[in-house]
Amino acid sequence: MYLQSNTITADMGGWELFFNSLLPMITGAIQYTIPLTLISFTGGMILALITAMMRISKSRILQVPAAVYVSAIRGTPLLVQLFIIFYGLPNLGVNLDPFISAIIAFVLNVGAYGSEILRASILSIQKGQWEAAYTIGMTRWQALYRIILPQAARVSVPPLSNSFISLVKDTSLASLVLVAELFRKAQEIAARTYDFLLLYVEAALIYWVICFLLSLVQIAIEKRLDRYVAK
């Protein structure tokens, strides 16, 4: 029988503790870890596409702020960014819910790294593709959206998939701003039972299973996209 996390006690044996802590951790993953990952990645990719478009733009007015944003996010730790948003902004009168704070931090992080992946993917497309689009009367933006971006999307799938899997693990940092996700549940149970090794290893195993399943999805997507590549 599985128990709620607040009924788990220190006198439980190893296997009993292991199995009874599964439900609280999986619940934390379903309620917070997975939604946090999906929402942050979706929002981050929208921001990444906008930033990538600004980076490849010929306008310095667009290039400079995008470059500064990417540099600032990549040059500072995600944990520090998370703390600034959750613990720092209240000094300016901005009080955010822990879950919202985590989403903002992860969206900004995914947006910065994802934009560089998308930008590199776009630049990897041969110039002949642009020239061919121009010869049939397409404008630069028409060529970009109809010809270049579809090809760049296929190229960017592997690195973006890796970023998504990494994001699943990075959500554990949300435990430090009181989001009751998977690792936070492990911390709460470990604080009562003092069996830190068992519970942290258990949390690691759950993360591993989630990431392993996602890697299978990544492989399936890559195989499907490979069907459209001339060999």
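**Notebook: aromatic pairs, helix H4 and a surface patch**

I looked up Trp15 and noted that this residue counts as exposed, at 62% relative accessibility. For this label I used these limits: buried is under 20% relative accessible area, exposed is over 50%, and partly exposed lies in between, with a 1.4 Å probe and protein chains only.

I recorded that this is a predicted model, in which local features need pLDDT of at least 70 and side-chain atom pairs count only at pLDDT 80 or more, while totals for chains, interfaces and linings use all residues. I also recorded that residues are numbered from 1 along each chain as its sequence is written, and that side-chain values use heavy atoms, with hydrogens and water left out.

**Entry on aromatic pairs**

I searched the whole structure and found eleven aromatic pairs. Rings of Phe, Tyr and Trp (its six-membered ring) pair if their centres lie within 6.5 Å; planes under 30 degrees apart count as stacked, over 60 as edge-to-face and the rest as tilted.

One of these pairs is edge-to-face: Trp15 and Phe18, at 5.7 Å centre to centre and with 70° between the planes. Both residues lie in helix H1 (residues 14–20), three residues apart, about one turn of the helix. I took helices as DSSP runs (H or I, at least four residues), numbered from the N terminus. Phe18 is buried, with a relative accessible area of 17%. Trp15, Phe18 and Phe19 form one aromatic cluster.

I then turned to helix H6 (residues 127–135), where Trp130 and Tyr134 lie four residues apart, about one turn of the helix. Their aromatic pair is tilted, with 6.3 Å centre to centre and 40° between the planes. Is Trp130 buried or exposed? I found Trp130 to be buried, at 13% relative accessibility, whereas Tyr134 is partly exposed, at 37%.

**Entry on helix H4**

I listed the buried residues of helix H4 (residues 78–88): Leu78, Gln81, Leu82, Ile85 and Phe86. They cover an arc of only 115° around the axis, which puts them on the same side of H4; the arc is that of the directions from the helix axis to the C-beta atoms. Against which helices do these buried residues pack? I noted helix H3 (60–74), helix H5 (98–123) and helix H7 (140–170), with contact taken as heavy atoms within 4.5 Å.

**Entry on helix H9**

I looked up Leu197, which is found in helix H9 (residues 196–226). Leu197 is exposed, with a relative accessible area of 67%.

Terms used: Helices (H or I, at least four residues) and strands (E, at least two) are DSSP runs, numbered from the N terminus.
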